[in-house]
Amino acid sequence: MSSCCQCGNVVPDPRQQQLAEVFKKYAGQKGALIPVLQGAQDIYSYLPAEVLKQIADALNLPFSKVYGVVTFYAQFHLKPRGRNIVRVCLGTACHVRGGAKIFETIRNELQIGDGETTADLRYTLESVACIGACGLAPVIMVNADTHGRLTPDKLKAILAQYE
Ligand code: FES
């Protein structure tokens, strides 16, 4: 629930309704924790602590168990993520073709470090090992798009394409 800034009335958070549907879908099922976490993350784009608490309650599991699974798997995120995930390859082929300079240029452009998200939630920056497009080195991915044969001067225009 949150307050409407116009009238002060409490407005329901539609994500809570969606989360309730995820709980309903997996109610009583064995091995529900991972799919419930995935469903919750799809809704919130990350897993806030209060959502983890709700999941623990709904599945009747200790919070420590839920938290342990979330921190074990790289697919789950405890901090907000950007609308656009920028992955910069630092694998060998990209490295020898200037990947580090590409990474540094993007870091400066976005003013964030590896694994961080811009304050406006527009971008999350992540360094990765080979993303399987070595022939195009140096390579970045933005969401599902691959951008290869990069030079630092191309980056600003590429990032600007992603709102
Ligand atoms: S090393 Fe960068 S795509 Fe393979």
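This is a dialogue on how to read helices, salt bridges and surface features in a predicted model.

User: Where should I begin with helix α1, and what length should its 13 residues span?

Analyst: Because a helix is expected to rise by 1.5 Å a residue, the 13 residues of helix α1 (residues 14–26) should span 18 Å, and the end C-alpha atoms of this predicted helix are 19 Å apart, which agrees.

User: Which residues of α1 are buried, and which are exposed on the other side?

Analyst: Burial is judged by relative accessible area, with under 20% counted as buried and over 50% as exposed. In α1 the buried residues are Leu19, Val22, Phe23 and Tyr26. Viewed down the axis of α1, these buried residues fall within an arc of 100°, so they line one face of the helix. On the other side of α1, Pro14, Lys24 and Lys25 are exposed.

User: What covers the buried residues of α1?

Analyst: The cover includes α2 (33–44) and α3 (49–59).

User: How many salt bridges are there, and what is the idea behind such a pairing?

Analyst: When their charged atoms come close, side chains of opposite charge can pair. The working cut-off is a side-chain nitrogen of Lys or Arg within 4 Å of a carboxyl oxygen of Asp or Glu, and by this rule the count comes to six salt bridges. One of them joins Asp57 to Lys53, with the closest N and O atoms 3.2 Å apart. Asp57 and Lys53 are four residues apart in helix α3, which means that about one helical turn separates them. Lys53 is partly exposed, its relative accessible area being 45%.

User: Which salt bridges link distant parts of the chain?

Analyst: One of these is the pair of Glu126 and Arg81, whose closest N and O atoms are 2.4 Å apart. The two residues are 45 residues apart along the chain, with Glu126 in strand β4 (residues 123–128) and Arg81 in the loop between α4 and β3 (84–89). Glu126 and Arg81 are both buried, and together with Arg87 they are linked in a network of salt bridges.

Another salt bridge is formed by the side chains of Lys156 and Glu109, at 4.0 Å from N to O. This pair also links distant parts of the chain, since Lys156 lies in helix α7 (residues 155–160) and Glu109 in helix α6 (residues 99–110), 47 residues apart. Lys156 is exposed, with a relative accessible area of 56%, whereas Glu109 counts as partly exposed at 38%.

User: Is Thr124 buried or exposed, and which residues is Thr124 in contact with?

Analyst: Thr124, which lies in strand β4, counts as buried because its relative accessibility is 2%. Once its neighbours within four places in sequence are left aside, Thr124 is in contact with Arg81, Gly82, Asn84, Ile85, Val86, Glu116 and Thr117. Arg81 is thus a contact of Thr124 as well as the salt-bridge partner of Glu126.

User: Where is Ala144, and is Ala144 buried or exposed?

Analyst: Ala144 sits in the loop between β5 (140–142) and β6 (145–147), and at 66% relative accessible area Ala144 is exposed. The C-alpha atoms of Ala144 and Asn108 are separated by 23 Å, the two being 36 residues apart along the chain.

User: Which residues form a nonpolar patch on the surface?

Analyst: Phe63, Tyr67 and Leu78 form such a patch, and together they have about 250 Å² of accessible area. Phe63 belongs to helix α4 (residues 63–72) and is partly exposed, with a relative accessible area of 34%.

Terms used: Residues are numbered from 1 along each chain as its sequence is written. This is a predicted model: local features need pLDDT of at least 70, side-chain atom pairs count only at pLDDT 80 or more; totals for chains, interfaces and linings use all residues. Side-chain values use heavy atoms; hydrogens and water are left out. Patches are made of residues with over 30% relative accessible area and no salt bridge: like charges are joined within 9 Å, nonpolar side chains (Val, Leu, Ile, Met, Phe, Trp, Tyr) within 5 Å. Accessible areas come from the Shrake-Rupley method with a 1.4 Å probe; for residues, only the protein chains shown count as cover. Buried means under 20% relative accessible area, exposed over 50%, partly exposed in between (1.4 Å probe, protein chains only). The expected span of a helix is 1.5 Å times one less than its number of residues. The arc is that of the directions from the helix axis to the C-beta atoms. Contact means heavy atoms within 4.5 Å.
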